[in-house]
Amino acid sequence: MTTRTTFEDRLLAELKGEIERRESEPVPAVRRRVLTGRRLTLVMAACVAVVLGVVSVPGTPAGSAAYGLERHGDGSVTLTAKDQEIDVDAQRELARKLVPNGIATDVQILRPGYVCAGDTVLWGQNDRGERVPLFVQQWGRKITLHRGNVLVFVNRNDRDTPYRVYVFPTEADVKPCVPVKPTPERFRA
C-alpha cells in the first residue's frame, strides 16, 4: 500500500470541504410574491373560458364527455355517443336529464360473467386454451328518442361500459333481461 494521495482522495477531500463550507453559510430565504399580475391575468382568462364554455353549449352535459344531448322542438332528443365509455354514474345522470322529455331510462347491472337470455355470445380462447365468451359492446353512435320511449342500458358488473343498449317504443315493449351464465352448449355463434 502506498501513502501517496491519489486523484480520487484529493477530490473526495475537496468535496467534503465544500459541503462543510456550504452547511456553515446561512441560506437567505427567497421571497416571491404569490399574486403577480401575470398569474391573476391567467386565472381570470381561465375563468372566462370556463363560463363561456358552459354558456355557449346549452343542452350539452358539462359533467360527461361520454355523450351529448340535443333537444328538438318536437320534444325528441338525439343522444350522441361520443365514446363507448359511458359508465353507470353517467347513465344515471343521463336518465335524470331525460325525465323532462318523457323518456324513461332503465340501468341494469348483471353479475360478472352473465348475459341476457337470448343474446348471441361469441366464443374465443384465452391464454390457457380455454373457451371463454367474448363480450362486445353494441350501441349506435346516435339514437333519437321520443316521448314515451324507454332507453335500457345493460351493464356487466365487472366492466365500466354498457354491454348492450336498447331503445323500446313504449314501456309495454320492454323485454326483461333474464340473466344466464353463457356456456358453449347453450349459445352457438
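Asn149 touches Gly102, Ile103, Ala104, Thr144, Val167, Phe168 and Pro169, leaving out residues up to four places away in sequence. The model is a predicted one. Asn149 sits in the loop between β7 and β8. Its relative accessible area is 10%, so Asn149 counts as buried, the limit being under 20%. Its side chain also makes a polar contact: the side chain of Asn149 reaches the backbone oxygen of Pro169 at 3.1 Å.

A second asparagine can be read in the like manner. Asn101 lies in the loop between α3 (88-98) and β3 (104-110). Asn101 is buried, with a relative accessible area of 9%. The backbone oxygen of Gly75 is 3.2 Å from the side chain of Asn101. Gly75 is also among the contacts of Asn101, together with Arg71, Val77 and Arg147, once neighbours within four places in sequence are set aside.

Now turn to strand β7, residues 142-145. Thr144, one of the residues that Asn149 touches, belongs to the uncovered face of β7, along with Lys142. Ile143 and Leu145 form the covered face. In a regular strand, side chains alternate between the two faces of the sheet. Strand β7 pairs with β2 (residues 77-81). The two run antiparallel and are joined by 4 bridges. One of the bridge partnerships links Thr78 to Thr144 in β7. Val77, a contact of Asn101, falls within the range of β2, residues 77-81.

Beyond β2 comes Lys82, in the loop between β2 and α3. Is Lys82 buried, exposed or partly exposed? Lys82 is partly exposed, because its relative accessible area is 44%, and the class runs between 20% and 50%. Lys82 and Ala66 are 16 residues apart along the chain, yet their C-alpha atoms are separated by 5.2 Å.

The last stop is empty space. Rolling a probe the size of a water molecule over the atoms shows where such space is left. The largest pocket holds about 160 Å³. Which residues are closest to its centre? They are Cys116, Tyr166, Lys175, Pro176 and Cys177, out of 13 lining residues. Two strands, β8 (150-156) and β9 (162-168), each supply at least two residues of the lining. By class, the lining has 9 nonpolar, 2 polar and 2 charged residues. Strand β9 also connects back to the start: its range, 162-168, takes in Val167 and Phe168, both touched by Asn149.

Notes. Residues numbered from 1 in each chain as written. Predicted model: local features only at pLDDT ≥ 70, side-chain atom pairs only at ≥ 80, totals over all residues. Heavy atoms only, no water. Buried < 20%, exposed > 50% of the residue type's maximum accessible area, 1.4 Å probe, protein only. Polar contact = N/O pair within 3.5 Å; in protein donor to acceptor, adjacent residues only side chain to side chain. Contact = heavy atoms within 4.5 Å. Pairing = 2+ DSSP bridges. 1 Å grid on protein atoms, 1.4 Å probe; cavity = no way out; pocket = protein on both sides within 12 Å on 5 of 7 lines; lining within 4 Å. Points joined across faces, edges and corners; volume = space filled by probe spheres on them. Nonpolar A, V, L, I, M, F, W, Y, C, P; charged D, E, K, R; others polar.
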